[in-house]
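Got your viewer open and a selection box ready? Let's walk through this one stop at a time.

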Amino acid sequence: MTSKILIIGACGQIGSELTYKLREIHGIDNVIASDINTRKLDLVNSGPFVILDAKNFNAIKDCCKNNNIKTVYLMAALLSATGEKYPMEAWDLNMNSLFHVLNLAKGKVIDHVFWPSSIAVFGPSTPKENTPQYTAMEPTTVYGITKQVGERWCEYYHQKYDVDVRSIRYPGIISWKTLPGGGTTDYAVEIYHEALKHNKYECFLSENTALPMLFMDDAIKATIDIMAAKADTIKIRSSYNLSGISFTPKEITESIQKHIPEFKITYKPDFRQNIADSWPKSINDNEAREQWNWKHSFDLDAITKEMLTELKAK
Ligand code: AKB
């Protein structure tokens, strides 16, 4: 029986597009999508799907054993903004789901793990510009704490138990197929929807708040590439810095105005401003570029063009 791939959290912003891409590469029946519910029907109906609670070790283990699953992409998580509202839930989901998957790999039930980290591992004491791979990391959000601790555990399981776990520190991800949920960088997706629907947007971050961002196609490519790379090229088993572009709400507005001149933005920063202020403005990702040839393709204007064209068609 061919070994299969499981995506946990397949209905989310990244999980859904990753599922489609992995199915294109490996065949529909070899990629099993799972989530806690069936909220995304197009994804649910597009191939094998199981309802799976990422916090339930036995359910994940049974699913892997019964389907000969050898690779797991663990995409379920509570993100930065939701995590601040439900700190214990974020800790519970983000940490326990990771332990479950790492322990399945330690026990040789599965062979390969992808687990996303985030720029949220950084905090106010981190250098803001061109943030290096190795630097001060004092996250101030629950989400950031879970990602930072998760990175330490990934490295620990790799060193102690030879677990093949690979990880990327995702910046904000911009996409048109599935909405993000509960993140601080979500404004950079919402703004395109609102520009097309109402010609205006009230932004929850202030106009000069620069954050690192990446277009979904680039994020998926990075994820596929790091998992396909030869094991000995993956020197970092905590998580890799990954960079595409950085921009502010003002700059994305100017990019949208090239297509919709009447588009207007207003600013009403809320609790997410503090989170954004604690994160880097730009990321240095030399290690990913040197070790497994990472390279991004989309700049801000290319993203804007894709977003407006695809959302209009949708
Ligand atoms: C968030 O804003 O919480 C996420 C992230 C940067 O990890 N998009």
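Start by selecting Asp164 and Arg237: both of them are buried. Keep in mind that what you are looking at is a predicted model. Draw a distance between the two side chains and you'll find a salt bridge, with the closest N and O atoms 2.6 Å apart. Asp164 sits in strand E7 (residues 164-166), while Arg237 is in the loop between H8 and strand E12 (240-241), so this pair ties together parts that are 73 residues apart in sequence. Now add Arg166 to the selection. Salt bridges with shared partners join Asp164, Arg166 and Arg237 into one network.

How many salt bridges does the structure hold? The count is 13, and two more of them are worth a stop. As a reminder, side chains of opposite charge can pair when their charged atoms come close.

Next selection: helix H6 (residues 142-161), with Glu155 and Arg152 shown as sticks. Their side chains meet in a salt bridge at 3.0 Å, N to O. The two are three residues apart in H6, so about one helical turn separates them. Glu155 is partly exposed at 22% relative accessible area, and Arg152 also counts as partly exposed, at 45%.

Then jump to Lys40 and Asp42. This salt bridge has its closest N and O atoms 3.2 Å apart. Buried or exposed, where does Lys40 fall? Lys40 counts as buried, because its relative accessibility is 12% and the cut-off for buried is under 20%. Asp42, at 45% relative accessibility, counts as partly exposed.

Time to zoom out and colour by domain. The domain assignment gives domain 1 as 4-171 + 215-241, and domain 2 as 172-213 + 244-282 + 297-313. Select the residues in contact across the boundary: 31 come from domain 1 and 30 from domain 2. If you place a marker at each C-alpha centre, the two markers will be 24 Å apart.

What about the area buried between the domains? The size of an interface is often given as the accessible area lost when the parts come together. Here the buried area between domain 1 and domain 2 is about 2600 Å², and carbon and sulfur atoms give 61% of that. Look for salt bridges between the two domains and the count is zero. Polar contacts are another matter: 18 residue pairs make them across the boundary, with both residues at pLDDT 80 or more.

Stay on the domain 1 side and show helix H1 (13-26), helix H4 (80-85) and helix H8 (216-228), the elements that each give two or more residues to the side touching domain 2. H4 gives the most, with five residues. Colour that side of domain 1 by residue class and you get 13 nonpolar, 10 polar and eight charged residues.

Last stop: backbone angles. Most residues other than glycine have a negative phi, which makes the next two picks handy to check on a Ramachandran plot. Pick Asn68 in the loop between helix H3 (57-67) and strand E4 (69-74). Its phi is positive, near 55°, and Asn68 is partly exposed, with a relative accessible area of 22%.

Finish at Asn293, in the loop between helix H11 (286-292) and helix H12 (300-313). Asn293 has a positive phi too, about 65°, although it is not a glycine. With a relative accessible area of 61%, Asn293 is exposed.

Conventions:
Residues are numbered from 1 along each chain as its sequence is written. This is a predicted model: local features need pLDDT of at least 70, side-chain atom pairs count only at pLDDT 80 or more; totals for chains, interfaces and linings use all residues. Side-chain values use heavy atoms; hydrogens and water are left out. Domain bounds come from an automatic or database domain assignment. Contact means heavy atoms within 4.5 Å. Buried area is the accessible area (1.4 Å probe) that two parts lose on being put together, summed over both. A salt bridge is a side-chain nitrogen of Lys or Arg within 4 Å of a carboxyl oxygen of Asp or Glu. A polar contact is a pair of N or O atoms within 3.5 Å; within protein, one must be able to donate a hydrogen and the other to accept it, and residues adjacent in sequence count only if both atoms are side-chain atoms. Helices (H or I, at least four residues) and strands (E, at least two) are DSSP runs, numbered from the N terminus. Ala, Val, Leu, Ile, Met, Phe, Trp, Tyr, Cys and Pro count as nonpolar, Asp, Glu, Lys and Arg as charged, and the others, Gly among them, as polar. Buried means under 20% relative accessible area, exposed over 50%, partly exposed in between (1.4 Å probe, protein chains only).
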